[in-house]
Amino acid sequence: MTKPSVEELKAIAKRVRRDIIKMTAAAASGHPGGSLSAVEILIALYFVIMKHDPKNPSWPERDYLVLSKGHASPLLYSVMAEAGYIKKDTLLSFRRLGSPLQGHPDRRRIPGIEASTGSLGQGLSIGIGHALANRLDKRSNYTYVVMSDGETNEGQVWEAAAMAAHHKIDHLVAIIDYNKFQLDDATKVICNMEPIVEKWKSFNWHVEEIDGHDWNQVIEALEKSKNVKDQPAVIIAHTIKGKGISFMENNNHFHGVAPTKEEAERALKELS
Amino acid sequence: MEKRLGKATRDAYGKTLIELGKENPNIVVLDADLSKSTKTCLFQEVFPDRFFNVGIQEANLVGVASGLAASGKIPFVSSFASFLVLKSYDQLRMGAAFPELNVKVVASHGGISVGEDGASQMAIEDIALMTSLPGCVVTIPCDEFSAAQMTRKFAEYKGLAYMRTCRPKAPIIYDEKVKIQIGKGIKLRDGKDITLVANGLLVFEALQAAEDLAKEKIEASVIDMHTVKPLDRDLLISEARKTGHVVVAEEHQIWGGLGSAVATLLAQECPARMAFVAIQDTYAESGPPDELLDKYGLRAVDIVKAAKKIL
Ligand SMILES: Cc1ncc(C[n+]2csc(CCOP(=O)(O)OP(=O)(O)O)c2C)c(N)n1
């Protein structure tokens, strides 16, 4: 696979953001805000970093991706459609009865989805399981876990963090989509997790801190994290919830509320 | 039957919390970053000091509530039923049930009528789990009026109690004057041929089913069994004696719900022919609530079919 240029990545990102708007608007439900904030992260993983084959989703040599923040399913589906796992024309069936595109990812329904998520806080543990299995089988593939800041309120995240470092698990990279909001309010209002970088460092993780919308920083941090030995790595990616659409940026109304038809039209115009 | 949609039971809960907060300064409310959905946000607006949004951490949520209860407060704890019950089960057990503390657990988004969010957000196991906790009261009110009353009863009741509320607007069954008592079912219709026992959103479906059966000259009793535990023994035994046929309908996994509770009672006291309308040992999926209730067989037609099967 030849790696796309930054220009090409940007074009994919625009299409993915348009798809997120169209899918949530058509379903009249879903989580646009936290989908839009992690667009660059997921595209960098699928199009630059991960070893994977859409024609062979259970290829044993593949890298694993766990979308722990399962409510960002519109993002996952649209990126997987770009990558060739999902037919583009099924995207608008999102959240309809019988659709494989469930409100939250369901690994039984779409080959290539590694974990059924939607109950926050569990993905990192699952990722550790993948990494341990790969280590046992002497494979050198990687596991990536995409989480969110509010999600790290969950105690299980910190159990997993302690255990992964204790077992010196490398080939495991967590990415935190740090968009500063959770559901009811800003993360610093509900349950402030700062100082985040120091927390992960004190848990013995390798930490990278980046702008999660800067392609070069995202790709570089992922490459660096892959090379960390005998230690898990986490990337704290500063992002903007609702990124890319002026009236959705940092507007937590759009956490779990879809754009109306008019809002969707305005958003698509901005993304044209 | 005319279907008049009222408020969702979660709305009635949130509104009643404000009244209770005014009456009793010991009432405190806790949530885990879902206050807009569970409607505890209404309490927060009036009593910000007595409201604790702990963040996305359900196990800690219940542990903190236990400590508050042990210190004399009356904590009402809320989140989605899927997370509140399933992620905090040991905390409910060791923190509240075992020490017999006065904790009120009110979980929203029960059942599959959650809709488009899909299976991960739908609790279909909560009644089985909560009835398994020794001494725990377990309830599912069917409309806004009974949910409001039940919330009041919870504040009066001393001990661990669980109420499931639902996401969608609920068909109106009662009015303000309804008298709800924990552990006492309400007979909404009397019939001699068969007894339909239901709770939550299925109460309306059971009433509809009774009407449909009446057209075929089958007279059905309908009971709103809002309390699964303690179960209304007297009412159920007298109904089973009279009709000898009982259909239980609920928005829950068939294992361990209201159906199991009623069957366990009647098997011992007054065996009857029984049928169960419930989720058949499967997870549901995303979709509009009405389409899901159709697909998973939780409608009046399904109750009618079950009734005819055993008659
Ligand atoms: C265990 C659990 N509790 C509650 C929820 C409901 N919920 C869905 S999204 C969300 C807020 C998530 O905030 P964050 O993790 O920061 O995600 P983002 O802001 O990136 O969307 C909550 C509380 C859930 N899905 N899982």
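Start by selecting R95(A) and D117(B) in this predicted model. Their side chains form a salt bridge, with 2.8 Å from N to O. R95(A) and D117(B) sit on opposite sides of a chain boundary, where the salt-bridge rule finds 3 such pairs between chain A and chain B.

Next, widen the selection to the whole contact between the two chains. You should pick up 25 residues from chain A and 24 residues from chain B. Colour the chain A side by class, and you will find 13 polar, 7 charged and 5 nonpolar residues touching chain B. If you draw polar contacts across the boundary, the count is 21 residue pairs, with both partners at pLDDT 80 or more. Switch to surfaces, and the area buried between chain A and chain B comes to about 2,000 Å², of which 43% is on carbon and sulfur atoms.

Now hide chain B and show chain A as a cartoon. Look for the open sheet of 5 strands, with parallel pairing and the order β1-β2-β3-β5-β4. Its edge strands are β1 (64-67) and β4 (206-211) of chain A, each pairing on one side only. Step across the sheet and the twist averages 20° from one strand to the next.

Zoom in on β4(A) and its neighbour β5(A), residues 233-238: they pair in the parallel sense over 6 bridges. To see one residue pairing, select E209(A), whose bridge partner in β5(A) is I236(A).

For a last stop, select residues 215-226 of chain A. What does helix α9 of chain A lie across? The answer is β2 (143-148), β3 (172-178), β4 and β5 of chain A, and the helix runs at about 170° to β4(A).

Methods:
Residues numbered from 1 in each chain as written. Chains lettered and ligands numbered in written order. Predicted model: local features only at pLDDT ≥ 70, side-chain atom pairs only at ≥ 80, totals over all residues. Heavy atoms only, no water. Pairing = 2+ DSSP bridges. Helix = DSSP H or I, 4+ residues; strand = E, 2+ residues; numbered from the N terminus. Axes fitted to C-alpha atoms, helices over the stretch in contact; angles between N-to-C directions. Contact = heavy atoms within 4.5 Å. Buried area = accessible area lost by both parts, 1.4 Å probe. Salt bridge = Lys/Arg side-chain N within 4 Å of Asp/Glu carboxyl O. Polar contact = N/O pair within 3.5 Å; in protein donor to acceptor, adjacent residues only side chain to side chain. Nonpolar A, V, L, I, M, F, W, Y, C, P; charged D, E, K, R; others polar.
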